[in-house]
Amino acid sequence: IFVVEQAGKIRVILNGTLVATPFLDISSRVLSGGERGLLSVAFHPQYATNHFFYVYFTTQTNGDIRIERFTATTADVADPATSKLILTIAHSAQSNHNGGLVSFGPDGMLYAGIGDGGGGGDPYHTGQNPDSLLGSLLRLDISGDPYTIPPSNPFVVQPPKRGEIWAKGLRNPWRYAFDETTGLLYI
């Protein structure tokens, strides 16, 4: 069992016992507290062969949102030096509404729930701004470097909207799930 700790560590529970060495420790890079921190991990669909996993966190320097890929070196340990930036989104004005979940959908794409930037009532109007990734659910094809925009995303052919956006107008999509039977997405 992998346990994400908001302060910046991913821990492993093996056979009911906490493994002493964290799977990943990026606590020196993470700003945590309230709605900020290391907020989720998603293991690549081919993790068994490529050992890639993705984390979503807020940065120590200013609270911006980062999605990064890391590589596990063994079943119980990942190397922080393998960090590869996938996406960063400015989010320093407010400490809340960071979103926080990265997850692979049934289509193999990486989804990321991004909050609207914080404050009450979307004061920066990012939830309705088609040029802002804030206030959105993103859908990324991570087979590119660092990612490509799936051509089936709804805003790909409608400039000036950001093609990464799968759904827009969200306040704080902190968690979501895909129904295994129907494939429907619930936020």
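The exercises below, each with a worked solution, concern a predicted model.

**Exercise 1.** Work out where E164 lies, whether it is buried or exposed, and which residues it contacts.

*Solution.* Begin with the chain: E164 sits in the loop that runs between β11 (136–140) and β12 (165–168). Next, take the accessibility, which is 4% for E164, and compare it with the cut-off for buried residues, under 20%; E164 therefore counts as buried. Then turn to its side chain, which makes a polar contact of 2.9 Å with the side chain of R162. Finally, when neighbours within four places in sequence are left aside, the contacts of E164 include L137, L138, R139 and L140, as well as Y147 and N153.

**Exercise 2.** Find what surrounds L138, and place this residue in the largest nonpolar core.

*Solution.* First, the largest nonpolar core holds 22 residues, and L138 is among those with the most contacts inside it, as are Y56, I67 and L87. Strands that each supply at least two residues of this core include β8 (78–89), β10 (110–114) and β11. Beyond its neighbours within four places in sequence, L138 touches, among others, L87, I89, L110, I114, E164 and W166.

**Exercise 3.** Determine the strand order of the open sheet formed by four strands, and explain why one side of β9 and of β12 is left without a neighbour in the sheet.

*Solution.* The order is β9-β10-β11-β12, with antiparallel pairing. Since β9 and β12 stand at the edges, each has a single partner strand, so one side of each lacks a neighbour in the sheet. From one strand to the next, the twist averages 20°. To look at one pair, β9 and β10 are joined over four bridges, and S103 has Y111 in β10 as its bridge partner.

Technical notes
Residues are numbered from 1 along each chain as its sequence is written. This is a predicted model: local features need pLDDT of at least 70, side-chain atom pairs count only at pLDDT 80 or more; totals for chains, interfaces and linings use all residues. Side-chain values use heavy atoms; hydrogens and water are left out. Buried means under 20% relative accessible area, exposed over 50%, partly exposed in between (1.4 Å probe, protein chains only). A polar contact is a pair of N or O atoms within 3.5 Å; within protein, one must be able to donate a hydrogen and the other to accept it, and residues adjacent in sequence count only if both atoms are side-chain atoms. Contact means heavy atoms within 4.5 Å. A nonpolar core is a set of buried Ala, Val, Leu, Ile, Met, Phe, Trp, Tyr and Cys residues joined through side-chain atoms within 4.5 Å. Two strands pair if DSSP finds at least two bridges between them. Axes are lines fitted to C-alpha atoms, for helices over the stretch in contact, and angles run from 0 to 180 degrees between N-to-C directions.
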